[in-house]
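This report describes how selected helices and side chains are arranged in one protein model. The reader is invited to keep the sequence and the structure in view throughout.

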Amino acid sequence: MDHDTSRDRDKNIEENETYEGAHPELQDLPLPTTDNMLYSILNSLNQNIANFHAYLKFKNYISEDILNTELLKRSMGIHRDFSALFLHTKEELVFIYPELLEKAERILFKGEAGTDFIKYTCKMSKIINDYKVTLYREGYLPDFKPQLMLTDI
């Protein structure tokens with residue numbers, strides 16, 4: 001019985017070519033655009049970096065176990081977000097900034113067990129800053145510096 005039902009449905013699809021599935025309202029959802037994806041990744045990356053440095057700044061006031069757990073979480077978040085940003089934008093920058101990409105790849109895919117993740121994340125933060133400057137320079141991201149309006153003067 002089920003076989004006949006699916007065969008009839010397949011036959012109807014071929015004739016009509018408009019089978020909409022169980023949830024037709026979901027099929028028109030737009031995919032995120034590149035700009036939105038970059039902003040989403042950068043927001044998460046910036047938040048994780050800020051949290052990481054805040055925990056380091058106040059490390060004398062937090063127990064060592066909690067500090068290590070939170071720093072490791074932030075470090076992993078920074079690594080994940082930067083990997084996503086790097087993979088999302090790498091293709092277009094390969095010929096323009098090969099040295100920067102090589103440096104970023106070395107840091108991202110180092111993956112040695114037992115490394116000091118605080119030093120590792122601080123190195124990664126430096127390369128991330130360079131990478132963000134490159135993205136601004138190449139026009140992936142608008143310059144968010146406040147611009148003075150001449151009409152306000």
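Helices (H or I, at least four residues) and strands (E, at least two) are taken as DSSP runs and are numbered from the N terminus. The model is predicted, so local features need pLDDT of at least 70 and side-chain atom pairs count only at pLDDT 80 or more, whereas totals for chains, interfaces and linings use all residues. Residues are numbered from 1 along each chain as its sequence is written, and side-chain values use heavy atoms, with hydrogens and water left out.

**Salt bridges**

A salt bridge is defined as a side-chain nitrogen of Lys or Arg within 4 Å of a carboxyl oxygen of Asp or Glu. By this rule the model has 5 salt bridges. The table presents three of them.

| Residue pair | Helix | Closest N to O distance |
|---|---|---|
| K73 and E70 | α3 | 3.3 Å |
| R74 and E70 | α3 | 3.2 Å |
| R106 and E102 | α4 | 3.7 Å |

Which residues are linked in a network of salt bridges? The network consists of E70, K73 and R74. K73 and E70 are 3 residues apart in helix α3 (residues 64-93), and therefore about one helical turn separates them. R74 and E70 also both lie in helix α3, 4 residues apart, which is about one turn of the helix.

The accessibility of these side chains can be described with three terms: buried (under 20% relative accessible area), exposed (over 50%) and partly exposed (in between), using a 1.4 Å probe and protein chains only. E70 is buried, with a relative accessible area of 14%, and R74 is buried as well, at 17%. K73, by contrast, is partly exposed, with a relative accessible area of 45%.

R106 and E102 belong to helix α4, where they stand 4 residues apart and are thus separated by about one helical turn. R106 is exposed, at 53% relative accessible area, while E102 is partly exposed, at 47%.

**Packing of the helices**

Two packed helices are described by the angle between their axes and the distance between the axes. Here the axes are lines fitted to C-alpha atoms, for helices over the stretch in contact, and the angles run from 0 to 180 degrees between N-to-C directions.

The axes of α3 and α4 come within 11 Å and cross at roughly 150°. Because an angle over 145 degrees counts as roughly antiparallel (under 35 is roughly parallel, 65 to 115 roughly perpendicular, and the rest oblique), α3 is roughly antiparallel to α4. The crossing of α3 and α4 is left-handed, a term that applies if the near helix is turned anticlockwise from the far one by less than a right angle; a clockwise turn is right-handed.

Contact means heavy atoms within 4.5 Å. From α3, the residues H79, F82, S83, F86, K90 and L93 meet P98, L101, A104, E105 and L108 in α4. The contact of α3 with α4 comprises 7 nonpolar, 2 polar and 2 charged residues. In this division Ala, Val, Leu, Ile, Met, Phe, Trp, Tyr, Cys and Pro count as nonpolar, Asp, Glu, Lys and Arg as charged, and the others, Gly among them, as polar.

How does α4 (residues 98-108) lie against α5 (residues 117-137)? Their axes come within 10 Å and cross at roughly 150°, and so α4 is roughly antiparallel to α5. The crossing of α4 and α5 is left-handed. On the α4 side, L100, L101, K103, A104, I107 and L108 take part, and they meet Y120, K123, M124, I127, D130, Y131 and T134 in α5. The contact of α4 with α5 has 9 nonpolar, 1 polar and 3 charged residues.

**Two individual residues**

L101 is found in helix α4 and counts as buried, with 5% relative accessibility. Apart from its neighbours within four places in sequence, L101 is in contact with F86, K90, L93, V94 and Y131. L101 and E91 are 10 residues apart in sequence, and their C-alpha atoms are 10.0 Å apart in space.

Y55 is found in helix α2 (residues 34-57). At 22% relative accessibility, Y55 counts as partly exposed. Apart from its neighbours within four places in sequence, Y55 is in contact with I62, L67, E70, L71 and R74. Two of these contacts, E70 and R74, also belong to the network of salt bridges described above. Y55 and N68 are 13 residues apart in sequence and 9.5 Å apart in space, C-alpha to C-alpha.
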